[in-house]
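Welcome! Please open the sequence and the 3D view side by side, and take your time turning the model around before you read on.

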Amino acid sequence: MSSEPEHADDITTESESPVDPPPAPDEPDPGEETPPPPPPPPPSPDGPITVDPATWYEVESACITVTCPNLNTTTTEPMVYSNAGTIRMICGVCGKDRKILSAVRLDPQPEMS
Ligand SMILES: [Zn+2]
């Protein structure tokens with residue numbers, strides 16, 4: 001029966017004193033301050049549809065002119081060119097702007113030669 005000296009409770013006074021480490025020094029921004037860019041606004045269903053310029057889209061639109069017989073009649077144009085980056089749909093009945101409900105980029109884009 002060998003009784004090895006077990007690791008009895010050490011009565012060391014080496015209690016780890018909770019010394020807070022010094023705070024990390026703030027790294028100075030090199031150069032000028034550049035504020036973070038604002039995040040892009042989330043797409044809202046009621047917001048304007050944004051399209052890329054010079055791109056073909058399939059556009060669903062609806063007339064929202066209350067006096068128009070086509071009120072709330074949705075139509076889908078299979079090919080609408082965005083020109084400079086805007087799409088306008090004109091109601092053929094009342095001549096007013098139609099509300100663009102969706103614009104789906106054609107993939108592949110039709111080749112115009
Ligand atoms: Zn209309």
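The report below goes through the model's confidence, its strands, its core and a few unusual spots in the backbone.

## What kind of model this is

You are looking at a predicted model, in which local features need a pLDDT of at least 70 and side-chain atom pairs count only at pLDDT 80 or more, while totals for chains, interfaces and linings use all residues. Residues are numbered from 1 along each chain as its sequence is written.

The score pLDDT is the predictor's confidence in each residue, from 0 to 100. Averaged over the protein, pLDDT is 83, and 75% of the residues score at least 70. Confidence is highest in S1, with a mean of 97, and lowest in S3, with a mean of 94. As a reading tip, where pLDDT is low, the predicted coordinates should not be read in detail.

## The strands and their sheet

How many helices and strands does the protein have? There are zero helices and four strands, giving the pattern β-β-β-β along the sequence. Here, helices (H or I, at least four residues) and strands (E, at least two) are DSSP runs, numbered from the N terminus.

The four strands form an open sheet in the order S2-S1-S4-S3, with antiparallel pairing. Two strands count as a pair if DSSP finds at least two bridges between them. In general, strands of a sheet pair through backbone hydrogen bonds, either parallel or antiparallel. Strand S2 (74-81) and strand S3 (89-90) are the edge strands, each pairing on one side only.

You can follow the pairs across the sheet one by one. S1 and S2 run antiparallel and are joined by six bridges. S1 is also joined to S4 by seven bridges, again antiparallel. Between S3 and S4 there are two bridges, and these strands run antiparallel too. The table lists some facing residues to look for.

| Residue | Residue opposite or bridge partner | Strand of the partner |
|---|---|---|
| Trp56 | Tyr81 | S2 |
| Glu60 | Thr76 | S2 |
| Tyr57 | Arg105 | S4 |
| Ser61 | Ile100 | S4 |
| Met89 | Arg98 | S4 |

S3 and S4 also make a hairpin with six residues between them, and Gly95 in its turn has a positive phi of about 75°.

## The core

Which residues make up the largest nonpolar core? Its eight residues are Val51, Trp56, Tyr57, Val59, Val80, Met89, Ile100 and Ala103. A nonpolar core is a set of buried Ala, Val, Leu, Ile, Met, Phe, Trp, Tyr and Cys residues joined through C-beta atoms within 7 Å. Strand S1 (56-63) and strand S4 (97-105) each supply at least two residues of this core, and the largest share, three residues, comes from S1. In general, nonpolar side chains tend to be buried together in soluble globular proteins.

A residue is called buried if 20 or more other C-beta atoms lie within 10 Å of its own, exposed if 12 or fewer, and partly exposed in between, with C-beta atoms placed from the backbone. Of the 113 residues in the protein, 12% are buried.

Val80 is a good core residue to click on. Leaving aside neighbours within four places in sequence, Val80 is in contact with Trp56, Tyr57, Val59 and Ile87. Two residues are in contact if their C-beta atoms, placed from the backbone, lie within 7 Å. Among the protein's contacts with a separation of 6 or more, 65% are between residues 24 or more positions apart.

## Unusual spots in the backbone

As background, most residues other than glycine have a negative phi, and most peptide bonds are trans. With that in mind, find Asn72 in the loop between S1 and S2. Asn72 is not a glycine, yet its phi is positive, at about 65°. Asn72 counts as exposed because it has 11 C-beta neighbours inside 10 Å.

Asn83, in the loop between S2 and S3, is another residue other than glycine with a positive phi, near 50°. Why does Asn83 count as exposed? Asn83 is exposed because 12 other C-beta atoms lie within 10 Å.

Now move to the segment after S4, where you will find Pro108. The peptide bond from Asp107 to Pro108 is cis, with omega near 5°. Glu111 also lies in the segment after S4. With 6 other C-beta atoms within 10 Å, Glu111 is exposed. The C-alpha atoms of Glu111 and Trp56 are separated by 9.8 Å, although these residues are 55 residues apart along the chain.
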